[in-house]
Amino acid sequence: MNTPASKKLDIVIPAFRMHTQSFLNVLDGITEEDALKRIDGKTNHIIWMAGNLVNCRYGMAWVLGLREEDPYSDLFFQGKALSPEYNYPSLQALKESFHKISALLYEQLLQAPDELLDSAFQFGMNVPFVPATVLSFMGMCIGREDYLCGQIGLMRKILGYEGMKYDVNTNIPY
């Protein structure tokens, strides 16, 4: 594993890399048709969940100074509510976007200095025990990725797929 410039990311970076594996594993084998299914019209579909996770990575990159635009930001930014009127991208398109931003973001994480991580960043939590800093935002995004992978994992089972595997592809360096 590459060594980050900041020791503060010693937990974030392994979690980030594991989430890369989990995201790809949890989507493995899901058809485009099934990825748009909702349960009783009440749940988000897998496309929305995957798109929100990819958008979270674009958000992390932006906060770290990487000015890459999420091509689907208008559909997913800040957890924008699912709407049947929207034309959502395919899972394949989201995976491509995921790979693009994840590789770039990983490099930004490795280079992020303590000064940047400690800098103030308002991200709307307004919780007294969560400091409004870039580092806290990174941590909250990692938590969001956990949540979304879990939701997709549940949808896998509901839709009749086998549970997510925990295989690791060591050829993915981010």
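**A walk from the core to the pocket**

In this predicted model, the largest nonpolar core has 53 residues, and those touching the most other members are Phe 23, Leu 27, Ile 46, Leu 64, Leu 91, Leu 109 and Met 138. Several helices feed into this core: helix 1 (12-27), helix 2, helix 3 (73-76), helix 4 (91-111) and helix 6 each supply at least two residues. Helix 2 gives the largest share, twelve residues. In soluble globular proteins, nonpolar side chains tend to be buried together.

For a closer view of the core, pick out Leu 27. Setting aside neighbours within four places in sequence, Leu 27 is in contact with Ile 46, Ala 50, Leu 91, Lys 95, Ile 152 and Arg 156.

Now let's follow helix 2 itself, which covers residues 46-63. Of its 18 residues, 16 are buried, so to speak of this helix as mostly covered is fair. How far apart should its ends be? At 1.5 Å a residue, its 18 residues should span 26 Å, and the end C-alpha atoms are indeed 26 Å apart, so the two values agree. After helix 2 comes Gly 65, with a positive phi near 100°.

Helix 2 also leads us to the largest pocket, where it provides the largest share of the lining, seven residues. Both helix 2 and helix 6 (134-158) supply at least two lining residues each. The pocket has a volume of about 640 Å³. Its lining is made up of 22 residues, with Asn 55, Gly 59, Phe 77, Gln 78 and Phe 137 lying nearest the centre. By character, the lining divides into eleven nonpolar, seven polar and four charged residues.

Key:
Residues are numbered from 1 along each chain as its sequence is written. This is a predicted model: local features need pLDDT of at least 70, side-chain atom pairs count only at pLDDT 80 or more; totals for chains, interfaces and linings use all residues. Side-chain values use heavy atoms; hydrogens and water are left out. Helices (H or I, at least four residues) and strands (E, at least two) are DSSP runs, numbered from the N terminus. The expected span of a helix is 1.5 Å times one less than its number of residues. Buried means under 20% relative accessible area, exposed over 50%, partly exposed in between (1.4 Å probe, protein chains only). On a 1 Å grid over the protein atoms alone, a cavity is a set of points where a 1.4 Å probe fits but cannot get out, and a pocket is an open set with protein on both sides within 12 Å along at least five of seven lines; lining residues have an atom within 4 Å of a point. Grid points are joined across faces, edges and corners, and a volume is the space filled by probe spheres set on the points. Ala, Val, Leu, Ile, Met, Phe, Trp, Tyr, Cys and Pro count as nonpolar, Asp, Glu, Lys and Arg as charged, and the others, Gly among them, as polar. A nonpolar core is a set of buried Ala, Val, Leu, Ile, Met, Phe, Trp, Tyr and Cys residues joined through side-chain atoms within 4.5 Å. Contact means heavy atoms within 4.5 Å.
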